[in-house]
Structure formats: structure tokens, C-alpha cells
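Reader: Can we go through this one piece by piece? I'll ask as things catch my eye.

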2 protein chains.
Amino acid sequence: MAERRANSGLDLHLDVDLRHPRRSLERALREAIRDGRLAAESRLPPSRSLAADLGIARNTIAEAYTQLAAEGWLSARQGSGTRVADRPVQSPNPAGRPRERASRGRARRLDLRPGVPDLAAFPRAEWSSAQRQVLATASYEILGYDPRGPEPARRAVADYLARVRGVRADPDRMVLTAGFTQGLRLAAEVLVHRGHRTVGVEAYGHAIHRSVLESTGLRPHAIAVDGHGAVVDELLGSDVRAAVLTPAHQFPIGSVLGAARRQAAVRWADTCGGYLIEDDYDGEFRYDRQPVGAVQALDPERVIYAGSVSKALAPGIRVGWLVLPSSLVAGVVEAKERADGGGSVLDQLTVARLIVDGGYDRIVRRRRLGYRRRRDRLVQELGARAPGARISGIAAGLHALLELPRGTTEAQVVAAAAGRGLRLDGLGTFAAAGHDDRPAVVVGYSRPPDHAFTTALARLVAAVGTVADS
Amino acid sequence: MAERRANSGLDLHLDVDLRHPRRSLERALREAIRDGRLAAESRLPPSRSLAADLGIARNTIAEAYTQLAAEGWLSARQGSGTRVADRPVQSPNPAGRPRERASRGRARRLDLRPGVPDLAAFPRAEWSSAQRQVLATASYEILGYDPRGPEPARRAVADYLARVRGVRADPDRMVLTAGFTQGLRLAAEVLVHRGHRTVGVEAYGHAIHRSVLESTGLRPHAIAVDGHGAVVDELLGSDVRAAVLTPAHQFPIGSVLGAARRQAAVRWADTCGGYLIEDDYDGEFRYDRQPVGAVQALDPERVIYAGSVSKALAPGIRVGWLVLPSSLVAGVVEAKERADGGGSVLDQLTVARLIVDGGYDRIVRRRRLGYRRRRDRLVQELGARAPGARISGIAAGLHALLELPRGTTEAQVVAAAAGRGLRLDGLGTFAAAGHDDRPAVVVGYSRPPDHAFTTALARLVAAVGTVADS
């Protein structure tokens, strides 16, 4: 089974078994249509180019297309090639509700705001199979109350984080959360309980995180960000004793926290008896070399490590984790108990099952390849067609920073994009007060489904080009 | 398909199709063993009595037992009847982890503390099928962020609550929560934001609820409870402008809030511009007559209605709901966004699918029948063997109040039970300071799995009897 990608027109993952190319290609296409990765009306690559991409005979592709057209999955129209049928046949289950009909090509609003992965690529079949296994094997006691999450799930996540991110994790120092936001909230509540009144926050970041911190009574203290991540020296000598950092890939500037700063941050926390909250939100998505490991490994008693499956799977799977200094475990467990009494046990166990079976790694790898490919196209298109714009922050993650040509403002580009049916966020959306000094937009290239990415990219290029020309 | 129950020795639901009795009995037994309702080593009823219970030929039962023994599900031993095999064959999936081996009969600690349903009866097959349907049909956009929960799920729950509890529900005034605790927390945060400083709380209830309220800064104000529920007149003339009530079945006293008090509570909230928080935690489990509808229907703009699937399904399914006065919707949505950004979308949609398909109603009905039967056995056994104890609060819900014979203390009974491997909670565990004046234990008869209920009941009777005799 070789994982191949169709390289022509449409971004599409197809797992084709080269020993049975036609049968496996048909199956892969049916699945892609059924689970929404290939939306109604999207155009399939010509058989010639798909054959070249997959390394199989062109005739085999043509036969597979014909078969699927006969089954109602595809339609071939004179002059417009082969497309996914307008109303694809329903999944075999007759009780299923009809899928919402996907909107069509150009009329549809597209979205390149950052923070959301490609939801259409959610691995439905793998998830369903893993959950079925969980239901067939889990002991019933596990369905009761446990604010930390079931031990086997904590253990699976701990092993994963140790292996992939170098985290020094231990199930007894972990609490499974409903995602990063809840992890931040629980950590902040415990810090307040321990007398903290302020918290360092990178000058660029998600507004909701600042709002979560403020809701617990902490006053955010902005830390500048440059090409080496947060300027942690700004914390020295302040009265701040806790700080939230995005070391793997600063959001949204895109820099990686440098080695000297990592050391300095941990030293600072140790000296003042404080804590770092490490938001490892896309540590799994590093493209150019080995990922930089988690800061947590430098000092597990001074770093609160937080992550989630929101990027690797989907935000709707509300499974995240905290790996805690031992001094904070009891407080966080109590806070979690008062917050919601625990998370979705079946989701937690299903994630654990995917991790243990290797499915989670396969999913991450597949998505990393897909996002890397989108990133390369983004760089290429912008380089060719909007040369005045400078793109950065692209070594990792699901977004890029697009610094605008001289004389262009964020508002102009965001408005020009909106006029083309494309939602964009300017960098200012993520800036703390007084730090909004560089005109740029943050391009969340992960967000559109594959079939819409080309269109979204064309609209982005057009919007930047129009403004730069005017 | 007639739902029948095996009445002999073992409490067991078996759905047997009388047109195909042997095949359907075999299937029902396999399922019960596979999903843990029938634990390893538990003894099956003699074929004679099961035949009488199910209304089918004794020979059919014997044949089914023989067949399942041949398949490795059961073992028949000389002198000890037919039992579930020690290591039942695994589910067909070879990748599944072996199920934790169930502990054996008498050596095992049992638990009659209230608040948890029979986890072994979680409807695994129905859940799995519903989630598969969700994954086959849901649009991908639904896997993103929505703090309220997906609209189709809110709509399904709204329809259910309107039909079953008379709630005046509307998806636009609802937020799906991670269970009752989170609903209470979110409501409390919004009340604090609106200037509330105190909250009325029934003098008996779960300590965690008082703790949740206190963590938001609200000061609990105890309201006495009697045979007609909370004495809501105590709120009149106080500075309290919000109160949490359990009208359907006071926890743990077990009384139902009377009609006059319902009216008075709503009038009070309306007059002071305040709110009731209605904890409808077991409104679905009423045994003796039609359930009493929700107070919320009397004044949807003054009542915050809160519930969850924790009792009907399992606490590990963290799906609950708030139906809100329109004035509070925006505040609660913001609070939810800051709490965790939303709940498990797949769990929410799976619950919705069960509701829409009728599976949820079937599950509730099945469990109601099962719990009612346990309640009847509890009353019968205690009446026969511990006549000095008085049982009350049994018209609904999953627990009973067992007032102890004169001269007996809670601590004595709890200790005597512990000596027999049975965990019990005294009423004092649930009392606000100054309200712990009646010696009683709260019997959560829902908690043990079916195969352990008889043993748990015997231990309870023995513990009460020993203390009363001494």
C-alpha cells in the first residue's frame, strides 16, 4: 500500500494499493466522495496526469472513472472533464440524513483565517473504527466520573508526547482537558489561587486566550515577539511570575523560540518560583527539519505543558491535555472537577486507541504532507504574482505571515479579499494594545477543504495584487 | 419483539423475539456477555425458571445454553449450574485489547452511593451504531468551533425536552454543556457578572454543587427541605435573587416540589427579578405516575433549566444542556467560550441521533423498568428483614432515603456496610452545615451492575440489621 497524492488541479490524498490499482483507486475515490473530501461538482484530474502522479496505467484510471460514473459517484460532461456528481449517491445507511449539499465553486465564501485545520479531512473511517474498538473492549467502570480522564488514555497521550515532542510526561501528572482553552483556564485558576495577579502573554496571539486569562482575574503583561520568538528577557525584573509561550511556532508571527531564550525562560521561572505555560499548539507540524522539542523537557517542575488534538484531528473533538508540575496536580484536578467533572471519556479513549494503534501518527503524517504542499503552493503563487509581499513564519504550523507591500494596509487587503468572497485576518486582530505596528495578514492555509484551496489561493493573490497595484 | 426480563437470581434484560426465541435468546445472551452486563463467572438462571420468565419452552433455553457453551461463552459445571465463561471469547475484532477481567462475586467491593447509574448497562451497540451514522452523514463544517454546540443537536434536545419534560425549549436559547456541573458553573458565572452575590441552595444536595457555586464567588444560602421539596417561602424577604432547585425529585430527600411551591418559586423570581436554576437530574425516572413536568414551563424567562445524559446514558458521555432565559443567552455563550470553547461535537450529535431515531427513548424506558424493579426489591427486602428502617423518596429517581431505626446512627450503618465490602453514604454527607438532623443513609440503588445488585442488597440489609440488633 503506497500513499500517493494526486498532483493535478485537485489536492487529494489517495491510498492506492499498487498490486490492485483499479480496485483500490475506486475504493479510495468512493471514500473521498462519501466523507466529503471530494465535494459535489469538484473536478477530478485528467486521467493522464493522475496516472503519472500515482504511477499506474492511464487506462486503469479511465476504467475507474467509468465505473464510478456508472455507480453515480461521478459525472463526465462534454468539455468539462470528470466531476463529482452533483448529488452523490448516499452512503449505504438508509437511515442517514442527507448530507448537506456542498455549495458550489465560486459562489461560496472561503476562509483563510488561521486557527482551524481542514475539517473535511477529518479521518472519519479511522475514528469510527477506533471508537468501535473502544466500545468493544473498555471496562464499564471507565464510563463513570474521573476529572483527570481515564488512566489508559492519559498513559497513551503521555507516551505519545514523550516520543514525538520529547515531553517528560507521566499519567499521574496529567489531566485530560477539553482542549487548549480549557487547559489555559484551569492553569490560570490555580495560579490565581496561589497568589498570582499578572501573567506574561506574547504581544501577538489569540484574543480569546487573553480573555480567558482576564476572566480568572489575571492581568496580562505583553511580551514583545521577534524573529526568535518571545523576548523573554522582558520578564526579568518584572513582578510577573508566570508566562504563556508558543515556543514551537509563535502564533501568529511564526518564529521558533531560540535555544538561548528557552534556557533563559526556564531559568527565570525557576528563579522567581514561577511557571511557564507552554502552548504546543502545532508542534507536530514542522516541515523543514526535525521539530524543536518541547521546552517542558528542560524543567518539568516549572513548565505547564498544554496541547490538544484540535489541529491533528478537529476542534470538534474536544480532547486536550495538561502535563503538570507535581506541585500543581491536585489544584488542577480540583479545578477540573469544578469546571465540568471530566471530559468525554469515549473521545479520550478513542484518541488513545488511535495513538496506540499507530493511526494517529499516520493521520498526522498525512496531514503534515498535505499542509506542506499547500504551504509550498502559497509561497510559489505569491512569489510569482505578488512579489512585493513577503512571506514568513512558514517553517512549521498551519499559517503563514504575509507582510504586505509598502504602502498597503491590512484593512485594504482584508476588504479586497472580502469583496472576492474570502475571509482574512489582519495581524492587528492578534496584537495586544500598542503592538500593532506591522502591516500584514495571517494566512491560515489549513482551513479550506482541499477542493477549495486553489480558489482560495487565487482570491488571496488577487486581493493582494489589486491593492498593491492601486 | 417482546421485552422480557429474567426473574431468577440474576437481574438481566433480554430482548427476545418470540417468533424466533432460540436465535434471539442466543444473540441477547452473547450481547450481554460481550458488553459486560453479564460478567465472567456470573451464574445464569436455571433453564426452568428462565423459561417461565420469558414465556418460552424450557427446551429452547437448554439448547441456547448448550450452543453458547460450545461457542465458549458459557461453561456448565457439575453442581454449580451454567455460568458465564471465565474468559469469554473476545469480540470479533482481533486488535481489541482484552477486556479487563471482571472481579469475582463476594470478594468485590460494591457500592450503593448515589449519583451514578448502572454503567454496565451503557448501550454500547446503540451508541456505536448512532455514532457511525453521524460520521457517515454530518457535514464537515460541524467539526469546527461552536461554543453552543451544533444547531441540529440543540434542536433534537429541545424537541426531546419539550416532549418528555414539557420544557419550553428553543435551540436559540440553548447551550450544550459538558453535564450539569458545567451548566451550573456557567449559570453561576453569569449571575455573578450580573451582580448576584448569594444563591439559594437546598439544605441537602451534592457538596460539589455548593463548591462550584462558591468557586464563582457566590455565597450559598441554605433552604430547608421537607416532604414537599424545598421550602421556597424562606426565600421571600431575603436578599437572595437566585436559587438552585431539584423540583422533580429532591436530591437526596426524594420529595417532589409541590404545585403551590412551584408557583411560589416562580412568582418570587419574577418579583425580585431573579432566576431559578432547575436541576432536572432525574426527571426521566418517575415510577408511580406521570412525571411532574419541569418548572421551567411556568416561566421560561425566569428559569434556567439544566440537565444531562449522565443518568440515562453514563457520566462519561459529557453531554448536558442549558435552556436559558433570553436575557442570559449571550452571557452564557461567552462563558462557555472562555470555559472550553465547546463540547464534544461527536458525542452531542450522537445523542441527537439517538433522540431522533427513538433509541434514546427506548434506552430510558428500558433503564426505568430496570431501576423500578431494583427499587421494588429494595423495598421488599428491607420491609421483610429490617422492619425498623423506613424507606422514602422512592416515587422517582435512582436513589432512596433509608431512615434508620431508633437508636441507630449513620456512622454505625456506614461502618457495618464497609465491613461487608459495601460503600454507603450517610445523609450527613449531603447536608449543609446545621441541617444534619435525621439519621439516614442514601441508597443509590442504580449503581451496581445487574449481576451484583442482589449481593449489594444483601449486604445492605445485613448492615442495617446488625446495627439495629446490637
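What follows is a run of short questions and answers on this predicted model.

Reader: Start with the two chains. What rotation superposes chain A on chain B?

Author: A rotation of 180 degrees, with 0.0 Å of shift along its axis and an RMSD of 0.2 Å. That is the relation of a two-fold axis.

Reader: Which residue of chain A comes closest to the rotation axis?

Author: Ser344(A), with its C-alpha at 3.4 Å.

Reader: And how much of the contact surface of chain A recurs in chain B?

Author: 100% of the contact residues of chain A recur there, so the same surface serves both copies.

Reader: Now helix 10 of chain B. What length does it reach?

Author: Helix 10 of chain B covers residues 345–357, which is 13 residues, and reaches 18 Å from its first C-alpha to its last. That is close to the 18 Å expected at 1.5 Å a residue.

Reader: Is helix 10 of chain B enclosed or open?

Author: Largely enclosed by the rest of the structure, because eleven of its 13 residues are buried. The buried residues include Val345(B), Asp347(B), Arg353(B) and Ile355(B).

Reader: What covers those buried residues?

Author: Elements of both chains are in the cover. From chain A it includes helix 4 (124–137) and helix 10 (345–357). From chain B it includes helix 4 (124–137), helix 5 (151–165), strand 6 (174–177) and helix 11 (359–385).

Reader: What follows helix 10 of chain B?

Author: Gly358(B), with a positive phi near 90 degrees.

Reader: You listed strand 6 of chain B in that cover. Are its faces covered or open?

Author: Both faces of strand 6 of chain B are covered. Met174(B) and Leu176(B) are buried on one side, and Val175(B) and Thr177(B) are buried on the other.

Reader: Which strand does strand 6 of chain B join, and by how many bridges?

Author: Strand 14 of chain B, residues 320–323, by four bridges, with the two strands antiparallel. Within that pair, Val175(B) stands opposite Leu322(B).

Reader: Back to helices. What about helix 6 of chain B?

Author: Helix 6 of chain B runs over residues 180–193, has 14 residues and reaches 20 Å from its first C-alpha to its last. The expected figure at 1.5 Å a residue is 20 Å, so there is little to remark on.

Reader: Is helix 6 of chain B enclosed or open?

Author: Largely enclosed by the rest of the structure, since twelve of its 14 residues are buried. Among them are Phe180(B), Gln182(B), Arg185(B), Glu189(B) and Leu191(B). Just after the helix, Gly195(B) takes a positive phi of about 100 degrees.

Reader: Switching to chain A. What is the strand order in the open sheet of four strands?

Author: The order is 15-16-19-18, with antiparallel pairing. Strand 15 (390–392) and strand 18 (425–426) of chain A stand at the edges, each with a single partner strand, so one side of each is left without a neighbour in the sheet.

Reader: How many bridges pair strand 18 with strand 19 of chain A?

Author: Two, in the antiparallel sense; strand 19 of chain A is residues 440–443. Asp425(A) stands opposite Val442(A) there.

Reader: Which helix lies across strand 15 of chain A?

Author: Helix 11 of chain A, residues 359–385, which also lies across strand 16 (400–403) and strand 19. The helix runs at about 165 degrees to strand 15 of chain A.

Reader: Where is Ala224(A)?

Author: In the loop between strand 8 (219–223) and strand 9 (225–226) of chain A. Ala224(A) counts as buried because its relative accessibility is 19% and the cut-off is under 20%.

Reader: What is Ala224(A) in contact with, leaving aside neighbours within four places in sequence?

Author: Ala203(A), Gly229(A), Ala230(A), Val231(A), Glu234(A) and His435(A). Ala203(A) is 21 residues from Ala224(A) in sequence, and their C-alpha atoms are 5.3 Å apart.

Reader: Where is the cis peptide bond in chain A?

Author: From Phe251(A) to Pro252(A), with omega near 0 degrees. Pro252(A) lies in the loop between strand 11 (242–245) and helix 8 (259–272) of chain A. In chain B, a cis peptide bond joins Phe251(B) and Pro252(B).

Reader: Last one. How many disulfides are there over all chains?

Author: Zero.

Key. Residues numbered from 1 in each chain as written. Chains lettered and ligands numbered in written order. Predicted model: local features only at pLDDT ≥ 70, side-chain atom pairs only at ≥ 80, totals over all residues. Heavy atoms only, no water. Buried < 20%, exposed > 50% of the residue type's maximum accessible area, 1.4 Å probe, protein only. Contact = heavy atoms within 4.5 Å. Expected span 1.5 Å × (residues − 1). Pairing = 2+ DSSP bridges. Axes fitted to C-alpha atoms, helices over the stretch in contact; angles between N-to-C directions. Least-squares fit on C-alpha atoms with pLDDT ≥ 70 in both. Disulfide = S-S within 2.5 Å.
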